[in-house]
Amino acid sequence: RRNIAGTGTQTASLAFGGQSPETAKTEEYDGTSWSEQNDMPATGYQMAGAGTQTAGLGFGGYKPGSPNGNNVTYEYDGTNWTAGGSLAIARRNTIGSGVQTDALVFGGYDGTPPVDFTAQTEGYNGTAWSTRPNLGTARYALASSQNAASPSTLAFGGMTPGVTASTEEFTSETSAVA
C-alpha cells in the first residue's frame, strides 16, 4: 500500500492506514517481521503519526468527501485504537513528532486558498490539540525527526508548492514576567 503512516523505532514499529485500496489496517514490526494487528476505527491515508508502538498516535489524513483533510486523532495502546482529541485544522500530507502525551503536528495540505497548504503547528497533550508556534514556511508532504521530543524536533523538505530542501527547528513558546 502507499500513503501509509507510521511511528516507532527500528525494532518496534507501527504502520497504519494507507491506500491500495483505502485501508484501516495496522501492522507492528519487531525488527524481523510484520504482524497484523487490530484495525483503526476508520480507513485513512496521508495521515501522520507520533509516539511508540505501544503508545502511538495517528492523525489528520484524507477523508472521502473532504479532500482538504481530516481532523481525527486515534490513539493506539499496543492492541486497540480509540478516538482522541480533534485537530483544530483538518489537513492531510502533514507530519508529526513526539510521544502520545506530548506530540506535534505541523504543516500539511488544508485546501485553504490561496496556497492550499499551511504553516500551522499544533501540540497534543494526550487529550486535546492546541496551537504552537507556526512553521516559517507553509508546506506539505514534509518530514520530521519523528520520534524526537516535541521541544526539540525538526521539519524538513516538502512542497511549497515547489520542492524545498529547507530545514526548520521547532522552538517552543516562551514567556517572561514583565
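## A walk through two sheets and the loops around them

Four strands come together as an open sheet in the order 1-2-3-4, with antiparallel pairing. Keep in mind as you look that this is a predicted model. The edges of the sheet belong to strand 1 (5-9) and strand 4 (34-37); each has a single partner strand, so one side of each is left without a neighbour in the sheet. On average, neighbouring strands here are turned by 20° against each other, direction ignored.

Let's go across this sheet strand by strand. Strand 1 and strand 2 run antiparallel and are joined by five bridges, and a hairpin of two residues takes the chain from one to the other. If you want a landmark for that pairing, take T7, whose bridge partner in strand 2 is L14. Strand 2 is mostly covered, with four of its five residues buried. Moving on, strand 2 pairs with strand 3 in the antiparallel sense over four bridges, and here F16 has T26 in strand 3 as its bridge partner. Strand 3 and strand 4 also pair in the antiparallel sense, over four bridges; E27 finds its bridge partner in strand 4, namely E36.

Now pause at the loop between strand 2 (12-16) and strand 3 (26-29), where T23 sits. Is T23 buried or exposed? Its relative accessibility is 12%, and the cut-off for buried is under 20%, so T23 counts as buried. What does T23 touch once residues up to four places away in sequence are set aside? The answer is R1, G17, G18, M40, T43 and G44. With G44 you can follow the approach in the backbone too: the two residues are 21 apart along the chain, and the C-alpha atoms of T23 and G44 are separated by 6.2 Å. The side chain of T23 also has a polar atom 3.0 Å from the backbone nitrogen of K25.

Further along the chain there's another open sheet of four strands, in the order 5-6-7-8, again with antiparallel pairing. Strand 5 (48-51) and strand 8 stand at its edges, and each has a single partner strand, so one side of each lacks a neighbour in the sheet. Neighbouring strands of this sheet are turned by 25° against each other on average, direction ignored. Inside it, strand 6 (residues 56-59) and strand 7 (residues 73-76) run antiparallel and are joined by four bridges. G58 and its partner Y74 in strand 7 make one such bridge.

Next, the aromatic rings. How many aromatic pairs are there? The count comes to eight. In one of them, the rings of Y76 and W81 have centres 4.8 Å apart and planes at 45°, so the pair is tilted. Both Y76 and W81 are buried. Y109 and Y140 make another aromatic pair, this one edge-to-face, at 5.8 Å centre to centre and 75° between the planes. Y109 lies in the loop between strand 10 (102-106) and strand 11 (121-124), and Y140 in the loop between strand 12 (129-132) and strand 13 (143-144), so this pair ties together parts that are 31 residues apart in sequence. Back with Y76 and W81, those two form one aromatic cluster with F16; F16 is the residue bridged to T26 in strand 3.

The tyrosines Y109 and Y140 lead on to N93, which touches both of them. N93 is found in the loop between strand 8 and strand 9, and it is buried, with a relative accessible area of 18%. Not counting residues up to four places away in sequence, N93 touches Q46, G108, Y109, Y140, A141 and L142. The side chain of N93 also makes a polar contact of 3.5 Å with the side chain of R92.

T94 lies in that loop too, between strand 8 (81-83) and strand 9 (95-99). T94 is buried, with a relative accessible area of 6%. Which residues does T94 contact, leaving aside neighbours within four places in sequence? They are Q46, A48, V105, F106, G107, G108 and L142. Among these, F106 also offers its backbone oxygen, which the side chain of T94 reaches at 2.8 Å. Set the two contact lists side by side and you'll find Q46, G108 and L142 touching N93 as well as T94.

Key. Residues numbered from 1 in each chain as written. Predicted model: local features only at pLDDT ≥ 70, side-chain atom pairs only at ≥ 80, totals over all residues. Heavy atoms only, no water. Buried < 20%, exposed > 50% of the residue type's maximum accessible area, 1.4 Å probe, protein only. Polar contact = N/O pair within 3.5 Å; in protein donor to acceptor, adjacent residues only side chain to side chain. Contact = heavy atoms within 4.5 Å. Phe/Tyr/Trp six-rings, centres within 6.5 Å; stacked < 30°, edge-to-face > 60°. Pairing = 2+ DSSP bridges. Axes fitted to C-alpha atoms, helices over the stretch in contact; angles between N-to-C directions.
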